[in-house]
Amino acid sequence: MSTTTVTSAELDLTPAELAPYIQHTKIDPDATRDEMVAHAQEAVTHGFNAAMVPASWLPVVVAELRGTGVGVASALDFPTVGVMTSAGKAAEAAEIARLGATQLDIGVQVGWLKSGRYDDFREDIAGVVRASGLPVKVMLELPLLTDDEKETAVELAMEAGAAFLKNASSGQIETANPTSVRYLVDRARNGVQVKASGSIKTYRQGLELLRAGASLLGTSAGLAIVTDTGDESTVSY
């Protein structure tokens with residue numbers, strides 16, 4: 001997976017220059033084949049890091065993006081996290097990889113963490129890492145956790161082999177913000193990176209998240225961001 005690291009010399013990126021950091025997301029349940037093809041084509045046109053799509057649409061999107069250099073991402077145990085069995089997650093992760101995804105975002109078992117089932121929490125993530133062989137981004141749902149639980153979740157995710165730590169699964173849990181990004185960046189080690197996600201709507205917001213240390217931005221408002229047309233009324237998950 002190709003990602004770009006922000007350096008101090010790159011903090012004044014133009015809107016269009018944010019594209020390589022954006023995972024262009026479309027998970028609408030009523031999306032049609034034509035809409036998914038158009039979504040993939042937008043990712044190529046604007047040079048987004050990846051198209052993030054439901055696993056059910058991977059064959060279409062993978063075919064559309066083959067040879068373009070744009071990644072294909074998918075997610076599981078999402079958008080409602082922690083509802084799948086660990087065996088089911090591992091099996092779906094293997095299928096997602098077989099279908100051609102190049103990266104994978106996953107929900108976590110928040111309830112297990114809060115119940116002290118730390119080994120189960122870790123193994124739930126590790127099973128996906130092993131089964132998929134893909135870079136796995138772990139949605140930690142930080143606002144749902146106490147301070148101690150946040151520290152534990154970060155450590156367990158990294159022990160499990162997470163390639164990326166994410167602040168949240170969507171804007172329903174948290175609007176991505178520099179404070180959460182810096183929290184994860186300060187604790188990430190061994191090459192683990194940070195993806196910001198949740199109601200990212202504007203160029204300025206995206207730039208601030210990158211300045212805070214995020215390597216990727218997950219958003220359905222990628223077009224509005226790279227054209228600097230997004231505002232608070234923009235819809236973004």
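Ala-94 is found in helix H3, where helices (H or I, at least four residues) and strands (E, at least two) are DSSP runs numbered from the N terminus. With a relative accessible area of 34%, Ala-94 is partly exposed, on a scale in which buried means under 20% relative accessible area, exposed over 50%, and partly exposed in between, for a 1.4 Å probe and protein chains only. The model is a predicted one, in which local features need pLDDT of at least 70 and side-chain atom pairs count only at pLDDT 80 or more, while totals for chains, interfaces and linings use all residues. Residues are numbered from 1 along each chain as its sequence is written, and side-chain values use heavy atoms, with hydrogens and water left out.

From Ala-94 the path leads to Val-128, which is 34 residues away in sequence and 7.8 Å away in space, C-alpha to C-alpha. Val-128 has its place in helix H5 and is buried, its relative accessible area being 0%. Its C-alpha atom is also separated by 6.4 Å from that of Lys-89, a residue 39 places apart from Val-128 along the chain. Not counting residues up to four places away in sequence, Val-128 touches Lys-89, Ala-90, Ala-93, Leu-104, Ile-106, Gly-133 and Val-136, where contact means heavy atoms within 4.5 Å.

Helix H5 (118-132) is in turn among the elements that cover the buried residues of helix H6, and this cover also includes helix H4 (110-114), strand S5 (136-139), strand S6 (164-166) and helix H7 (178-187). Helix H6 itself, residues 147-159, has 13 residues and reaches 19 Å from its first C-alpha to its last, close to the 18 Å expected at 1.5 Å a residue; the expected span is 1.5 Å times one less than the number of residues in the helix. The buried residues in H6 are Glu-149, Ala-153, Val-154, Leu-156, Ala-157 and Met-158. An α-helix has 3.6 residues a turn, so residues three or four places apart point the same way. Glu-149 counts as buried at 16% relative accessibility, and, leaving out residues up to four places away in sequence, Glu-149 touches Leu-113, Lys-114 and Leu-144. After H6 comes Gly-161, whose phi is positive, near 105°.

Two residues other than glycine also have a positive phi, and they can be taken in turn. Asp-77, with a phi of about 55°, lies in the loop between strand S3 and helix H3 and is buried, with a relative accessible area of 2%. Asn-190, whose phi is near 55°, has its place in the loop between helix H7 and strand S7 (193-197), but Asn-190 is exposed, with a relative accessible area of 74%. The loop between S3 (71-76) and H3 (86-98) also holds Pro-79, and the peptide bond from Phe-78 to Pro-79 is cis, with omega near 10°.

Strand S1 (residues 22-25) brings in another part of the chain, for Gln-23 has its place there. At 0% relative accessibility, Gln-23 counts as buried, and its C-alpha lies 8.2 Å from that of Ser-220, although the two are 197 residues apart in sequence. Leaving aside neighbours within four places in sequence, the contacts of Gln-23 include Asn-49, Ala-50, Met-52, Gln-103, Asp-105, Lys-137, Lys-195, Leu-216 and Thr-219.

The whole chain can now be considered. The protein has nine helices and eight strands. Its radius of gyration is 16 Å, close to the 18 Å that the globule rule gives for 237 residues, so the protein is as compact as a globular protein of that length; this radius is taken over C-alpha atoms, and the rule is 2.2 Å times the number of residues to the power 0.38. Along the principal axes, the C-alpha atoms fill a box of roughly 45 × 35 × 30 Å. Of the 237 residues, 51% count as buried, and among contacts between residues at least 6 apart in sequence, 67% join residues at least 24 apart. The accessible surface comes to about 9,900 Å², of which 50% belongs to carbon and sulfur atoms, with areas from the Shrake-Rupley method at a 1.4 Å probe and, for residues, only the protein chains shown counting as cover.
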